[in-house]
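Visitor: I have a model open and would like to learn how to read its features one by one. Could you walk me through them?
Guide: Gladly; here it is.

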Amino acid sequence: MDELSEYSSEILEFMPTQQLGKQCKMVGACVSTDFEASSQDKSVETTLRLHTSTQTELSTSLQTHVDEQRLALWLRKIYPAVEAQLLKGITPLNNCCETVDHAFTSSNEKLKVQIYQKITVGGTENSQGIATWLSVHTNNAPMLVVSTRSPHDSWCDHLQQTLKLLVPNRMQTANLVVYTEFKNLPLKACLGCLSTNTFNKSIFAGSTMDGDIHIWGCRSNNRVGDNKSSITLASTYEIDELCCSASPHGCAVALCWSSENRLLSFHSNGFIISWVVGKELILENDFQIKVQVSEITAAICLNANTCVVGVKDGSLFLCTITSFGTMRKQMEVVPLKKHSFMITTLIKTVFNNCPSVLSCDLSGQVLCHSISHPEEESRVLRIPLPFKNAIACSKDGHVIYSPGADGSLEYYNIVSGVHSIVKGTLRGKGNFIACSDNGNWIITGLYADDFQIFYIDN
Ligand SMILES: [Zn+2]
């Protein structure tokens with residue numbers, strides 16, 4: 001129970017841009033992918049490069065001589081099983097779950113959001129959730145890593161934290177995809193943030209509260225076994241620490257990959273560090289934002305040398321690093337439209353074919369900033385979700401999702417103004433949300449010991 005006060009305080013409110021329940025015709029959704037980096041440095045590359053559009057999982061090609069006769073025999077043997085699988089068609093998703101179907105855009109455009117699976121992780125009381133989606137594994141379902149962060153006064157003395165790898169598996173008997181824990185990696189401190197490499201989604205970075213930056217790689221080992229009556233495909237999954245380095249500016253508040261081999265870490269003291277990721281994690285340079293209030297609270301990379309940072313007083317800056325070189329490092333800082341409260345979330349999106357950044361502050365106010373035309377006035381979205389400050393966004397930038405109470409998911413169509421809720425079945429207040437790059441999966445948490453996964457059919 002919250003403590004009740006006898007005193008009434010001033011009511012702060014803002015009116016929604018659109019009236020609730022209003023029906024509008026939706027503007028044609030745009031199709032887009034991540035912005036490509038202009039150039040990539042191959043000299044420091046150590047990981048296998050995969051094109052993100054086709055990437056499913058990290059595979060290691062065998063350079064050894066192949067016995068073609070044995071291969072032909074094996075292919076003949078597995079062919080009936082493969083054919084039988086293909087005839088079954090794609091795996092239908094769990095349809096026993098509640099499906100919320102709102103025809104809120106137009107008659108032929110529907111968004112189906114369904115509550116999907118609960119992931120139970122052990123954590124100390126009042127822990128927060130942290131997660132990142134990796135590469136797609138099966139049926140449009142990406143692998144997932146999750147962890148919890150215990151409450152802190154200042155120092156982190158949680159030496160028993162873990163990072164869990166969850167792999168989506170097709171259940172043959174039940175005909176659905178189920179997330180299963182495959183790996184539990186011990187950590188020496190709580191994680192402050194996690195970030196998947198958008199150029200190679202098997203690689204991800206994490207910053208621990210003790211100030212270390214870790215780079216991990218996820219790989220699968222497929223083994224084919226002959227179980228007399230049937231051929232079985234057994235897979236194991238590993239998370240390898242590829243490299244690690246201590247940050248001179250403490251734990252990062254945000255991590256972002258500006259290219260396949262360059263990671264930017266953002267720190268509350270106003271510093272941005274560029275790291276070169278290779279066999280080792282090398283500190284390339286650091287840049288300081290010299291503004292009145294420089295305590296960074298959120299950040300997002302837009303391309304190889306541009307990022308947006310949000311700070312504690314609600315200011316936002318478009319930062320362009322014109323030279324990463326140690327001798328003549330250079331960063332240009334341009335202010336964007338300011339919020340009244342601390343920036344909590346920044347999301348890169350494409351809105352009406354225009355590269356944009358969504359910013360959300362502590363009060364739940366969302367602004368949409370056009371990045372290709374920063375001189376244009378930012379579109380202000382006044383979302384009636386007071387104090388919702390963890391948000392995610394649909395691929396077309398039209399729907400904003402936010403974790404609700406007791407495992408529910410609230411979503412708001414910024415074109416039509418329609419606000420909907422998928423009811424949850426858990427207990428507590430969620431404060432974390434992450435949407436997969438394909439826009440099909442959302443994870444929210446932490447509700448006591450549980451994360452909640454949602455599936456979006458779009
Ligand atoms: Zn801790």
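**Reading the model**

Guide: The largest nonpolar core holds 104 residues, and those with the most contacts inside it are Leu144, Ala299, Val309, Tyr401, Ile442 and Phe454. Strand E11 (residues 252-259) gives this core its largest share, six residues. A nonpolar core here is a set of buried Ala, Val, Leu, Ile, Met, Phe, Trp, Tyr and Cys residues joined through C-beta atoms within 7 Å. Before we go on: this is a predicted model, in which local features need pLDDT of at least 70 and side-chain atom pairs count only at pLDDT 80 or more, while totals for chains, interfaces and linings use all residues. Residues are numbered from 1 along each chain as its sequence is written.

Visitor: What do you mean by buried, and what percentage of the residues of the protein chain count as buried?
Guide: A residue is buried if 20 or more other C-beta atoms lie within 10 Å of its own, exposed if 12 or fewer, and partly exposed in between, with C-beta atoms placed from the backbone. Of the 458 residues of the protein chain, 40% count as buried.

Visitor: Which residues does alanine 299 touch?
Guide: A contact means that the C-beta atoms of two residues, placed from the backbone, lie within 7 Å. Leaving out residues up to four places away in sequence, alanine 299 touches Ala254, Cys256, Phe266, Cys307, Val308, Val309, Gly310 and Leu346. For the protein chain, 55% of the contacts with a separation of 6 or more are between residues 24 or more positions apart.

Visitor: How many helices and strands does the protein chain have?
Guide: Helices (H or I, at least four residues) and strands (E, at least two) are DSSP runs, numbered from the N terminus. The protein chain has one helix and 29 strands.

Visitor: How do I read a sheet, say the one with the order E19-E20-E21-E22?
Guide: Two strands pair if DSSP finds at least two bridges between them. Here four strands form an open sheet with antiparallel pairing, in the order you give. Strand E19 (343-351) and strand E22 (379-381) stand at the edges with a single partner strand each, so one side of each has no neighbour in the sheet. Inside the sheet, strand E20 (residues 354-361) and strand E21 (residues 366-370) pair over five bridges in the antiparallel sense, and leucine 358 has cysteine 368 in E21 as its bridge partner.

Visitor: In which order do the strands E23 to E26 lie?
Guide: Their order is E23-E24-E25-E26, an open sheet of four strands with antiparallel pairing. Strand E23 (392-393) and strand E26 (419-422) are the edges; each has a single partner strand, so one side of each is left without a neighbour in the sheet. Five bridges join strand E24 (residues 399-403) to strand E25 (residues 409-413) in the antiparallel sense, with isoleucine 400 opposite tyrosine 412 in E25.

Visitor: What do hairpins look like here?
Guide: Try E12 and E13, a hairpin with three residues between the strands, where glycine 270 in the turn has a positive phi of about 90°. E12 and strand E13 (residues 271-277) run antiparallel, joined by five bridges, and serine 265 has isoleucine 273 in E13 as its bridge partner. E13 also forms a hairpin with E14, again with three residues between them. Seven bridges join E13 to strand E14 (residues 281-288), antiparallel once more, and phenylalanine 271 stands opposite glutamine 288 in E14.

Visitor: Which backbone details deserve a look?
Guide: Most residues other than glycine have a negative phi, and most peptide bonds are trans. Asparagine 139 has a positive phi near 50°, and asparagine 140 one of about 65°. Asparagine 139 sits in the loop between strand E3 (128-138) and strand E4 (141-149), and asparagine 140 is found in the loop between E3 and E4. Asparagine 139 counts as partly exposed because it has 15 C-beta neighbours inside 10 Å. A cis peptide bond joins glycine 445 and leucine 446, with omega about -5°; leucine 446 lies in strand E28 (residues 441-447).

Visitor: Which strand has the lowest mean pLDDT among the elements?
Guide: pLDDT is the predictor's confidence in each residue, from 0 to 100. Strand E1 (residues 99-106) has the lowest mean, 35, and strand E12 (residues 262-267) the highest, 98. Over residues 92-108 the pLDDT is below 50, and this stretch has 33 contacts in the model beyond near neighbours in sequence. The protein chain averages 81, with 76% of the residues scoring at least 70.
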